[in-house]
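Q: Could you take a close look at one part of this structure for me? I'd like to hear about the nonpolar core and what sits around it.

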Amino acid sequence: MADRNRIRSFLKDEHVTYASILLYITLSSGQIFFNKWVLSSKEINFPYPLGLTLLHMSFSSVLCFLLTKVFKVMKVEEGMTLDIYVTSVIPIGAMFAMTLWLGNTAYLYITVAFSQMLKAIMPVAVFILGVCVGLEIMSCKMLLIMSVISFGVLVSSYGELNINWIGVVYQMGGIVSEALRLILMEILVKRKGIKLNPLSLMYYMSPCSAICLFIPWIFLEKSKMETWNFHVLVLSLNSLCTFALNLSVFLVISQTSALTIRIAGVVKDWLVVLVSALLFAETKLTIINLFGYAIAIAGVAAYNNHKPKNGEKITLVSQSPTNSDKKPGGPL
């Protein structure tokens with residue numbers, strides 16, 4: 001009887017684990033397509049990436065406050081001080097805001113598939129910055145892995161039929177901002193010893209990111225949006241899905257490990273690239289595209305396999321509404 005109960009418990013845990021991973025992949029992929037549709041579709045016609053990102057962060061701030069302070073469904077971890085908030089959370093929030101803003105803007109110029117291919121260069125940016133600040137150590141193996149990823153991204157870019165360099169610049173800017181954010185998170189954890197779960201991170205960071213976005217929004221998009229007919233239901237649903245995505249990251253991490261969510265991210269990336277070719281007429285995948293991306297993903301897989309062996313925690317499993325391979329929130 002005891003063995004039978006253990007087997008049932010094991011199967012139940014397995015089902016929860018697989019369900020949480022499937023939920024994460026579905027929400028992460030779906031949110032990318034949802035954002036692309038909101039920003040560029042003729043039906044919604046909301047070409048305001050800064051405004052959309054500001055809405056996401058404001059919505060997240062309000063929901064985090066309601067869940068933790070009003071309904072008290074979840075608890076915010078203690079230990080945050082004014083000094084840590086000013087010196088760490090604000091810079092991290094600013095970089096997160098920049099990442100989402102630039103990533104969403106890129107969707108106005110390049111396809112979803114090509115955007116995902118460019119994001120494969122993320123480990124290279126993080127590694128280079130990590131070496132510069134002393135968080136990473138240069139080695140022949142890591143140099144080889146970074147070279148493979150870079151070569152794959154270059155090949156996939158060469159195979160892009162309708163490349164728009166403005167979109168590439170925006171996307172690369174978002175990648176650099178995200179890399180800076182991850183480095184700042186490493187410093188927050190390793191040098192200041194602060195550990196926050198994803199909800200606590202969202203609670204502290206979302207208001208800061210919203211303020212950082214609000215200032216440029218006033219000058220760049222506010223006047224344009226005053227004449228726009230708001231689709232309240234669509235934008236509210238879009239923001240809710242973004243928040244649900246963040247919580248799904250928390251669920252996956254609590255049920256699995258950092259390596260599992262990295263692998264799930266790779267599966268999601270391929271899924272987004274292939275499905276986008278079916279959903280968007282503008283997406284034209286070539287053999288060179290796919291060959292280069294396969295090389296880059298192989299490098300990313302080697303990087304993901306190498307990192308846990310070095311005993312490193314995943315500092316921020318980020319996903320933003322735009323960058324689903326970057327999950328906002330993770331075990332610190």
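A: Sure, and keep in mind that this is a predicted model. Let's begin with an aromatic residue: Tyr204 has a relative accessible area of 14%, so it counts as buried, the cut-off being under 20%. Tyr204 pairs with Tyr203 in an edge-to-face arrangement, with 5.2 Å from centre to centre and 80° between the planes.

That is one of seven aromatic pairs in the structure. Another joins Phe46 and Tyr48: their ring centres are 5.2 Å apart and the planes meet at 85°, so this pair is edge-to-face too. Both partners are tucked away: Phe46 is buried at 1% relative accessible area, and Tyr48 is buried at 11%.

Phe46 brings us to the core itself. The largest nonpolar core has 45 residues, and Phe46 is among those with the most contacts inside it, along with Val38, Val112 and Leu213. Helices H1 (2-40), H2 (49-70), H3 (82-106), H7, H8 (198-220) and H10 (232-255) are the elements that each give two or more residues to this core. H8 gives the most, with nine residues. As for Phe46, once you leave aside its neighbours within four places in sequence, the residues in contact with it are Val38, Leu39, Gly51, Leu52, Met225, Trp228, Phe230 and Leu235. Apart from this core lies another, of 31 residues, including Ala113, Val124, Val153 and Ala179.

Val124 points us to helix H5, where it is buried together with Met122, Pro123, Ala125, Val126, Phe127 and Gly130. H5 covers residues 122-133, and at 1.5 Å a residue its 12 residues should span 16 Å; the end C-alpha atoms are 17 Å apart, so the two values agree. Just after H5, Gly134 has a positive phi of about 85°.

Now for two polar residues that are buried as well. Lys36 is in helix H1, and its relative accessibility is 3%, so it counts as buried. Leaving aside neighbours within four places in sequence, Lys36 is in contact with Ser41, Tyr107, Ile110, Val112, Phe280 and Glu282. Val112 is one of the residues with the most contacts inside the largest core. Ser177 belongs to helix H7, residues 165-190, and is buried with a relative accessible area of 7%. With the same sequence neighbours left out, Ser177 is in contact with Met95, Met98, Thr99 and Leu102.

Terms used: Residues are numbered from 1 along each chain as its sequence is written. This is a predicted model: local features need pLDDT of at least 70, side-chain atom pairs count only at pLDDT 80 or more; totals for chains, interfaces and linings use all residues. Side-chain values use heavy atoms; hydrogens and water are left out. Helices (H or I, at least four residues) and strands (E, at least two) are DSSP runs, numbered from the N terminus. The expected span of a helix is 1.5 Å times one less than its number of residues. Buried means under 20% relative accessible area, exposed over 50%, partly exposed in between (1.4 Å probe, protein chains only). Contact means heavy atoms within 4.5 Å. A nonpolar core is a set of buried Ala, Val, Leu, Ile, Met, Phe, Trp, Tyr and Cys residues joined through side-chain atoms within 4.5 Å. Rings of Phe, Tyr and Trp (its six-membered ring) pair if their centres lie within 6.5 Å; planes under 30 degrees apart count as stacked, over 60 as edge-to-face and the rest as tilted.
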